[in-house]
Amino acid sequence: MNVEELCKEVAEKRIAKYSDPKRTEPYPRSNPIASDIGDCMRETVLGITNYKDRPKFDPEVTARMERGKKIEHLMREELFELGYTVREERLLAELKDGKGRLLTRGRADGFILKDRKEFAFEGKSMTPYVYNQINEQADFDRYVFFRKYPRQLQIYLLASNLEEGLWILDDCLGHWKIIPCRLDYERGEAILKHLEGTVAHLGAKTLPDFHKDPAICLKCWARGRVCNPPFFSGEGMQLINDPELEQKLNRRAELDPMATEYDHLDKDLKEVLKESMKPEQIFMIGNWMIKAEEKTRTYKAQSAKPASKTTYLGFEIEQIQKEGV
């Protein structure tokens, strides 16, 4: 075996490892879990009743998740080396309603003991790009996925009867950010209401209404699979308030000269838009206007193939100029 063959073998074995159905297949659950409480109650219900319809994780995502678990373990080790007493939670934390119904369960990454107090903590690893955007608790709320993190930690505080906790963020390069969290009774009440509604719908075998914000639906796994929100069925212009998607559009414009990152963001955006838009439909996202158009691609005749045409959905993405600029 030469070195090229060895490189190929290692790469193939790694892909096979992270393609194992045990790692990639969605798994059944009977109740919401603390780490996966989104904005939409309908999505929370469908995640339980229609878990088989959830998309599989691709090998890259699976590898990233497993690396995250290892980083969390390293966090606990480093806290211990820094002189802190760390208790790793081994029992599932549970929240129940007044009727004794289980609302959710989950397991915190650990608890730091200091001055006769316990502080729940959650370790989160993220790409350097996202890591640089998160500096305080409010920053999580700018991202549809990452706003799950405050809900998760609030649940652990409620279940453990604690007032304070913290996040330890790692950028996968060994840098840390440590962000405080305090029990927020208003947020906690909203989370409990969401969970109580979810459990009620599960018991009645009904579905909640569609979420009222198309920006939430835009990134939901259930859209187009088991859920068809009315926002995306008609034509015409829509105003979508999605700071995260707007941020990607702004960043896309900045990266035009930097082809690699530009192409990645461009592909990411267009994959989302292809699933959401129809020809001649227009979206307004922040200071951006996106128009979908059906386009034709022509292929010249070749020795083994005649000339042919295919149609595809293309997009015109334009930044709206402000008056006086």
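Colleague: Before we look at Thr104, what does buried mean in terms of relative accessible area?

Modeller: A residue counts as buried when its relative accessible area is under 20%. In this predicted model, Thr104 has a relative accessible area of 0%, and therefore it is buried.

Colleague: Where is Thr104 found, and which residues does Thr104 touch beyond those up to four places away in sequence?

Modeller: Thr104 belongs to strand β3, and its contacts, with residues up to four places away in sequence left aside, include Pro32, Ile33, Ala93, Leu95, Ile155 and Leu195. Ala34 is also among the residues touched, and the backbone nitrogen of Ala34 lies 3.2 Å from a polar atom of the Thr104 side chain.

Colleague: How many bridges join β2 to β3, and which residue stands opposite Thr104?

Modeller: Four bridges join these two strands, which run antiparallel, and Leu95 is the residue standing opposite Thr104. The two strands form a hairpin with five residues between them, and Gly100 in the turn has a positive phi of about 85°.

Colleague: Which side chains of β2 are buried, and which are not?

Modeller: The side chains alternate along residues 93-96, with Ala93 and Leu95 pointing to one face and buried, whereas Glu94 and Lys96 point to the other face and are not buried.

Colleague: In what order do the strands of the open sheet come?

Modeller: The five strands follow the order β1-β4-β5-β6-β7, with mixed pairing; β1 (85-87) and β7 (176-182) are the edge strands, each pairing on one side only. Within this sheet, β6 (residues 164-170) and β7 pair in the antiparallel sense over seven bridges, and Ile168 has Ile178 in β7 as its bridge partner.

Terms used:
Residues are numbered from 1 along each chain as its sequence is written. This is a predicted model: local features need pLDDT of at least 70, side-chain atom pairs count only at pLDDT 80 or more; totals for chains, interfaces and linings use all residues. Side-chain values use heavy atoms; hydrogens and water are left out. Buried means under 20% relative accessible area, exposed over 50%, partly exposed in between (1.4 Å probe, protein chains only). Two strands pair if DSSP finds at least two bridges between them. Contact means heavy atoms within 4.5 Å. A polar contact is a pair of N or O atoms within 3.5 Å; within protein, one must be able to donate a hydrogen and the other to accept it, and residues adjacent in sequence count only if both atoms are side-chain atoms.
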